[in-house]
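This report describes the fold, the core, one helix and the ligand surroundings of a single protein chain. The sequence and structure are shown first.

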Amino acid sequence: MIQSITTKNEGRPLKWLVWQINLHCPFHCHYCNEFTWGDKRAAKYTWDVYEKMTDEIIERYKYGHIDITGGEPLYFPYIDQIIEKFYNAGFTVGVFTNLGKSVEAYKNWIGKVVYVAASYHPDVIKTDDQRTKWFTRAKILAKDMPMVVRVMIDPRHWDHCLDVIDTLSVDEIKVMEPVRLMLFENHLVDNPDRADEYYTKEQNNIIDSLEPRMSSSPFSKYIINEAIIDGERSEDGEAFVNLSRILRSRQNKFKGWSCDIGIDSLQIRGDGMVAIAGCHNYDNKFIGCIDDPDNIEWPTESIVCPYELCHCDADLFISKRAI
Ligand code: SF4
Ligand code: SF4
């Protein structure tokens, strides 16, 4: 069993924030909760609410990385402004998208995002023509900005997904990352074993052994410069691979550990509710809402992990240790 995970960015504690910027997405993936895509509005609030919260985050956290997710961030009307604000404040910015729009929609982000993480959903992108166009878009964008392709391992398209994981070229794309689907219905709090329910035992074992593949031309900037797992130190791309292996191989059980979420992380839900990390978000434990930033109860110290399973990459990346 692992006893400690320490992560750093340029010698400082790694700070990783996640903002689910909306709850609107046209894909309606069968493994995605309707809460995540069913809002008819592409943004719940007006720009002044998002802007004030952005200023508050920049003021409190000072530096760090922020992932912008959805829903689908490409439909969020203020996406360019919010990227610009974090970028100008010196934060690194990553955006998660289903890559459903044409390449022109992404062009404003060139030079401002450290990656675009494009999730490949093979039950929506399902015809040969759609698939060819989707991967062509990813490769075209990869000429201008670092692209990560996240292959959602959909059991309805099992053989196809394994084929993409094996064969997708990482000459232009920076990373091909296999992603295990998880059943979030009970938020994995009551019965974490249900997390693996999408797959047969045999499929789960195969996924345990899958690895991301990285381009031979590395990122110009790594968010996790250093990971120390039980005293073993790794850097840059290797640090990311070693950390993500913990999740994929299901060693992600840290109940009773001291965990630095909140001090070094934040997760904002698409409806504006603020949690200290993904685990608290899925457990509906919130510290405030973005429409009332003056009354957010900001965390001041590490917490003791109360959960059976640490199911989110961004949560797992935050330093933690057995006590
Ligand atoms: S693309 Fe992402 S946000 Fe949209 S429905 Fe699928 S999983 Fe949910
Ligand atoms: S589940 Fe939450 S509290 Fe527990 S280790 Fe993971 S991030 Fe920390």
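Val149 touches Ala118, Tyr120, Ala138, Leu168, Ile173 and Met176, leaving aside residues up to four places away in sequence; two residues are in contact if their C-beta atoms, placed from the backbone, lie within 7 Å. Val149 is also among the six residues, with Val116, Ala118, Ala138, Met147 and Val151, that touch the most other members of the largest nonpolar core, which holds 79 residues. Such a core is a set of buried Ala, Val, Leu, Ile, Met, Phe, Trp, Tyr and Cys residues joined through C-beta atoms within 7 Å. A residue is buried if 20 or more other C-beta atoms, placed from the backbone, lie within 10 Å of its own, exposed if 12 or fewer, and partly exposed in between.

The model is predicted: local features need pLDDT of at least 70, side-chain atom pairs count only at pLDDT 80 or more, and totals for chains, interfaces and linings use all residues. Residues are numbered from 1 along each chain as its sequence is written, while chains are lettered from A and ligands numbered from 1 in the order in which they are written.

**Overall fold**

The protein chain has nine helices and 17 strands, taken as DSSP runs (helices H or I, at least four residues; strands E, at least two) and numbered from the N terminus. Its radius of gyration is 19 Å, close to the 20 Å that the globule rule gives for 323 residues, so the chain is as compact as a globular protein of that length. That radius is taken over C-alpha atoms, and the rule is 2.2 Å times the number of residues to the power 0.38. Along the principal axes, the C-alpha atoms fill a box of roughly 50 × 45 × 35 Å. Buried residues account for 40% of the 323 residues. Of the contacts between residues at least 6 apart in sequence, 72% join residues at least 24 apart.

**Helix α3**

Helix α3 spans residues 79-88, and within it Ile79, Ile82, Ile83 and Phe86 are buried. Viewed down the axis of α3, these buried residues fall within an arc of 100°, so they line one face of the helix; the arc is that of the directions from the helix axis to the C-beta atoms. Asp80 and Asn88, on the other side of α3, are exposed. The cover over the buried residues of α3 includes α2 (47-61), β4 (65-69) and β5 (92-97).

**Backbone features**

The peptide bond from Gly70 to Gly71 is cis, with omega near 20°, and Gly71 is found in the loop between β4 and α3. Three residues with positive phi are listed below.

| Residue | Phi | Place |
|---|---|---|
| Gly90 | about 90° | just after α3 |
| Leu99 | about 55° | loop between β5 and β6 (115-120) |
| Asp236 | about 45° | helix α7 (residues 236-248) |

Leu99 is buried, with 26 other C-beta atoms within 10 Å, whereas Asp236 counts as partly exposed, with 17 C-beta neighbours inside 10 Å.

**Ligand surroundings**

Ligand 1 is surrounded by 13 residues, of which Cys25, Phe27, Cys29, Cys32 and Asn98 are the closest. A residue counts as near a molecule if its C-beta atom, placed from the backbone, lies within 6 Å of it. The shell of ligand 1 has five nonpolar, seven polar and one charged residues. Here Ala, Val, Leu, Ile, Met, Phe, Trp, Tyr, Cys and Pro count as nonpolar, Asp, Glu, Lys and Arg as charged, and the others, Gly among them, as polar. Around ligand 2 the shell has 10 nonpolar, no polar and two charged residues. The residues around ligand 2 include Cys259, Cys279, Cys305, Cys310, Asp315 and Lys320.
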